Amino acid sequence: MKPVRTRYAPSPTGDPHIGNIRAALFSWAFARANGGQFLLRIEDTDQARLVETSVPAIMESLTWLGIDWDEGPGVGGPHGPYYQSQRLPLYQKTALSLIDQGKAYRCFCTAERLDQMRKAQAEAHRAPGYDGLCRDIPRAESDRRANSERFVVRFKMKQEGQTILHDLVRGDIVFENALQDDFVALKSDGFPTYHLGVVVDDTEMEISHTIRGDEWISSAPKHIQLYEALGWEAPVWVHLPLILGPDKKKLSKRSGDVSTLDYRQNGYLAEAMVNFLAFLGWSLDDHTSIVTLEDLKQHFDFARVVPNPAIFDAERLNFLNGHYIRAMSDERWVETVSEWCEQRLPVSVPRPLDFGLIFAIAPLLRERIARLDEIAPMVAFLFSEEPMDYPSEALSEKLGGDTALAVRVLDAALAELDPLDEAEWAKDRIEAAIRAIEAPLAMKLRKFVTVLYVAAEGHAHGIPLFESMALLGRERSLERLRRARAKAQHSL
RNA sequence: GGCGCGUUCGUCUAGAGGCCCAGGACGCCGCCCUUUCAAGGCGGAGAUCGGGGGUUCGAAUCCCCCACGCGCUACCA
């Protein structure tokens with residue numbers, strides 16, 4: 001059996017989207033699980049859609065997730081170059097040999113004629129496809145015209161019989177050859193189309209399993225016949241189910257798809273992303289739902305990949321992200337909190353940040369957030385001298401809008417806290433002081449404490465109050481309570 | 001229109017003839033814990049396995065038809 005070699009072959013037309021990256025993950029996992037190799041190849045054959053920043057983004061996305069490649073951009077390898085734009089002679093040579101064998105031909109049809117042809121086909125309700133006008137141009141005439149006219153090279157698809165695709169995920173799929181048309185293999189700019197490109201490169205790079213998305217199933221007959229015509233051994237075919245947006249359409253910008261790197265930007269962890277993507281089409285067994293890159297590396301198998309498309313569910317990603325946040329080592333968590341504070345806290349906060357503070361808030365944050373981008377908003381109040389800006393209604397929101405009560409709560413808290421001096425200003429003393437106002441107020445702490453949360457932190461969904469006030473210090477804490485009191489009083 | 005793929009709780013999935021009047025996870029609901037919010041623990045609701053025919057003693061699992069969804073139908077990938 002051939003050694004396992006798989007590849008991720010994106011076209012650099014933008015940042016890699018998650019559907020794409022999932023194919024990379026599965027290809028990588030399969031290679032690793034079988035002691036094989038994984039390579040990266042850039043299919044930059046569409047000059048018009050080329051986006052400069054794509055390749056770095058692709059590499060960055062893979063690296064972020066922990067997917068490494070044995071050959072390809074950045075690492076080189078014996079089958080380079082790994083950019084299709086740098087392998088043009090290879091495709092041209094292949095196309096020419098196909099012409100020589102009568103298995104392909106030059107097509108001189110103009111875009112206008114092709115348009116007209118399709119329009120006529122549509123009107124006549126006939127299947128669209130190239131009508132074969134140039135199929136039988138004699139070789140001598142073809143050679144002569146090639147000197148002065150633009151042309152593409154079309155591959156002669158068989159017109160009878162069937163082409164069978166043996167797919168690892170869904171079994172055999174039969175296509176009627178009569179329904180296939182002669183596709184363009186080499187474009188007039190000398191670049192290959194995807195069809196010629198994959199076949200030539202997967203062969204030359206000794207790829208054992210061609211793994212790609214579902215949308216390629218319908219063009220698989222082209223590839224299969226190309227392999228046959230060239231006398232090359234075809235790889236094992238694997239077509240992965242599509243990832244759909246909540247609207248059940250193929251994931252796109254519109255349906256909420258964002259580039260893989262955007263997820264990092266939005267506070268997702270690579271582990272969560274990997275775990276999430278892994279279960280879009282694959283499962284480990286009948287009960288496991290938490291899975292790491294290492295598990296994938298050990299157990300990934302196409303036998304457990306389902307053929308049906310999956311809908312992207314952001315709720316699940318959030319859950320997984322929270323899970324991995326809680327699973328991090330303390331050191332890494334402190335480091336992460338530090339980074340996200342450094343990056344996301346307002347510029348008005350002086351840098352470098354107080355590391356003691358970061359260290360103190362990290363454990364408080366951990367159980368409370370699902371995404372890293374929630375960190376800065378939650379703790380910003382600790383870093384600024386000024387109280388947070390919040391609507392005065394926020395103070396009494398949980399009190400049913402009873403602003404007068406909010407004022408009384410604030411007064412009571414102030415009365416108990418003010419006597420504490422600088423040295424006594426610690427979590428336990430603050431807690432005792434605030435609990436002491438339960439009696440005079442004749443209310444449970446939990447009923448009125450949100451007023452103090454808003455006063456101190458600017459919102460009612462923050463990290464624990466007593467610790468926060470201790471970290472804030474006596475002066476800033478009292479000042480904020482007074483400000484809140486004035487604010488409430490004013491809106492009475 | 002043609003061709004192709006797909007169809008199990010809202011979602012991701014387990015299930016390859018009896019273990020399934022369908023299991024796990026997210027989400028949802030309730031209770032517990034609790035200084036807010038979470039997290040955590042416990043429990044619950046939620047799928048006549050798209051519909052209809054077969055085959056079989058027995059079908060989510062095999063066959064056929066239908067419906068619906070999606071993909072492809074470019075000198076884009």
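This report walks through the pockets, the RNA surface and a few selected residues of a predicted model.

## Ground rules

The model is predicted, so to speak of local features a pLDDT of at least 70 is needed and side-chain atom pairs count only at pLDDT 80 or more, while totals for chains, interfaces and linings use all residues. Residues are numbered from 1 along each chain as its sequence is written, chains are lettered from A and ligands numbered from 1 in the order in which they are written, and side-chain values use heavy atoms, with hydrogens and water left out.

## The largest pocket

Let's begin with open space. A pocket here is an open set of points on a 1 Å grid over the protein atoms alone, where a 1.4 Å probe fits, with protein on both sides within 12 Å along at least five of seven lines; its lining residues have an atom within 4 Å of a point. Points are joined across faces, edges and corners, and a volume is the space filled by probe spheres set on them.

The largest pocket has a volume of about 1100 Å³. Its lining holds 40 residues, and Pro10, Ser11, Asn20, Glu215 and Trp216 lie nearest the centre. Two or more lining residues come from each of β1 (5-8), α1 (18-33), α6 (194-204) and β8 (209-213), with α1 giving the largest share, 6 residues. These elements are DSSP runs numbered from the N terminus: helices (H or I) of at least four residues and strands (E) of at least two. By class, the lining has 16 nonpolar, 12 polar and 12 charged residues. Nonpolar covers Ala, Val, Leu, Ile, Met, Phe, Trp, Tyr, Cys and Pro, charged covers Asp, Glu, Lys and Arg, and the others, Gly among them, are polar.

## The second largest pocket

The second largest pocket has a volume of about 310 Å³. It is lined by 16 residues, with Trp64, Arg264, Glu339, Trp340 and Leu372 nearest its centre. Helices α8 (260-265), α9 (270-278) and α12 (330-344) each supply at least two lining residues, and α12 has the largest share, at 7 residues. The classes here are 7 nonpolar, 3 polar and 6 charged.

## Around RNA strand B

Now to the RNA. Strand B is surrounded by 65 residues, the closest being Phe279, Glu367, Arg368, Arg435 and Tyr453; a residue is near the strand if one of its heavy atoms lies within 4 Å of it. Of the RNA atoms that come within 4 Å of the protein, 72% belong to sugar and phosphate. The surface near the strand divides into 28 nonpolar, 12 polar and 25 charged residues, and α19 makes the largest contribution, 5 residues.

Some polar contacts (pairs of N or O atoms within 3.5 Å) can be picked out. A backbone N or O atom of tyrosine 194 lies 3.3 Å from a phosphate oxygen of RNA strand B. For aspartate 286, a backbone N or O atom is 3.4 Å from a base nitrogen of the strand. In glutamate 467, a side-chain N or O atom is 3.2 Å from a base oxygen.

## Cysteines and a buried leucine

The count of disulfides (cysteine sulfur pairs within 2.5 Å) is 0. The sulfur of cysteine 134 is 3.6 Å from the closest cysteine sulfur, that of cysteine 109, which is too far for a bond. Cysteine 134 is buried at 4% relative accessibility, where buried means under 20% relative accessible area with a 1.4 Å probe and protein chains only. Cysteine 341 is buried as well, at 0%.

Leucine 481 sits in helix α21 (residues 474-490) and is buried at 0% relative accessibility. Its C-alpha atom is separated by 77 Å from that of aspartate 182, 299 residues apart along the chain.

Technical notes:
A polar contact is a pair of N or O atoms within 3.5 Å; within protein, one must be able to donate a hydrogen and the other to accept it, and residues adjacent in sequence count only if both atoms are side-chain atoms. Buried means under 20% relative accessible area, exposed over 50%, partly exposed in between (1.4 Å probe, protein chains only).
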